[in-house]
Structure formats: C-alpha cells, structure tokens
Amino acid sequence: MTDSMSLSIFTMVVGHKPIIAFGCKKHSEAETICADERVRARLGSLRSEGKPLLDDFVTPHVRLARPDERALYYEQSAARSSDSSMLMVYLVRLDDPSPA
C-alpha cells in the first residue's frame, strides 16, 4: 500500500477526451506508457460510442488526473484484487465487445 501511495495518478487524453487513468511515479514514465505499442494496440481494439479509443490519426498525451478522475481510479483500484499488472481505469464507457 505504501508503494501505491507514492504514485501520481495520470490521465491519457485522446482528442481532448480523457480515456484512461493510471498510476506512475513520474510524468516521463506516464509518457512512456502512452507511447507503448502494446497499450496503443489495446486501446485501438476497444471502442466507445462506436469509435476506437485510439487510432493512428490522433496523438495521445498525458496530464495529471483531475480530482474526479483520481477518485474513480482509487475507487476502482480498491475494488480490484491486488495483482502484479498495472491498473488502468477507463474513464469512458466501453462498447459491448460482442458482435452485433
């Protein structure tokens, strides 16, 4: 728990829309996560309101999470079991992945 308290909560913003919140120790680490191809591929495969969360035409950026985003992050992190993977909290409603 002490380690998680040393984290800052960042928000990835795509096209002026906050899409995920996650914890990192430094802004530079958050930027590295934003540029990670695995993260980009995962976000590109998810949809919200019929559109991919991320595509090749938009450059995401990170900023410190706002109070409501930070609260949602902490709420969801408390509800999830502890595991070794990094927690990313979606700030948008995801579309149902099942085919229409």
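This report walks through the sheet, its helices and a few side-chain pairings in a predicted model.

## The sheet

Let's start with the strands. Four of them make an open sheet, ordered β5-β1-β2-β6, and the pairing is antiparallel. The edges are β5 and β6 (88–90), each of which pairs on one side only. Going from one strand to the next, the twist averages 30°.

At the β5 end, strand β1 (residues 8–14) is joined to β5 by four bridges, the two running antiparallel. One residue pair to look at there is Thr 11 and Arg 63, its bridge partner in β5.

## Helices on the sheet

Helix α3 (residues 37–45) packs on the sheet and touches β1, β2 (17–24) and β6. Its direction makes about 25° with that of β6.

Then there's helix α4, covering residues 67–79, which lies across β1, β2, β5 and β6. Relative to β2, helix α4 runs at about 55°.

## Arg 63 and its surroundings

Arg 63 sits in strand β5, which spans residues 61–64. With neighbours within four places in sequence set aside, Arg 63 is in contact with Phe 10, Thr 11, Val 13, Pro 18 and Glu 69. Thr 11 is thus on the contact list and is also the bridge partner of Arg 63.

Glu 69 deserves a second look. Its side chain meets that of Arg 63 in a salt bridge, at 2.9 Å from N to O. Is this charged pair buried or exposed? Arg 63 has a relative accessible area of 16%, so it counts as buried, the limit being under 20%. Glu 69 is buried too, at 6%.

## The other salt bridge

The count of salt bridges comes to two. Besides the one between Arg 63 and Glu 69, there's a salt bridge from Arg 38 to Asp 36, with the closest N and O atoms 2.9 Å apart. Arg 38 has a relative accessible area of 67%, so it is classed as exposed, the cut-off being over 50%. Arg 63, on the other hand, is buried.

## A pair of tyrosines

How many aromatic pairs does a search of the whole structure find? Just one turns up: Tyr 73 with Tyr 74, in an edge-to-face arrangement. Their ring centres are 5.5 Å apart, and the planes make an angle of 75°. That angle is over 60 degrees, which is why the pair counts as edge-to-face.

As for exposure, Tyr 73 is buried, with a relative accessible area of 8%. Tyr 74 comes in at 37%, which makes it partly exposed.

Note on methods:
Residues are numbered from 1 along each chain as its sequence is written. This is a predicted model: local features need pLDDT of at least 70, side-chain atom pairs count only at pLDDT 80 or more; totals for chains, interfaces and linings use all residues. Side-chain values use heavy atoms; hydrogens and water are left out. Rings of Phe, Tyr and Trp (its six-membered ring) pair if their centres lie within 6.5 Å; planes under 30 degrees apart count as stacked, over 60 as edge-to-face and the rest as tilted. Buried means under 20% relative accessible area, exposed over 50%, partly exposed in between (1.4 Å probe, protein chains only). Contact means heavy atoms within 4.5 Å. Two strands pair if DSSP finds at least two bridges between them. Axes are lines fitted to C-alpha atoms, for helices over the stretch in contact, and angles run from 0 to 180 degrees between N-to-C directions. A salt bridge is a side-chain nitrogen of Lys or Arg within 4 Å of a carboxyl oxygen of Asp or Glu.
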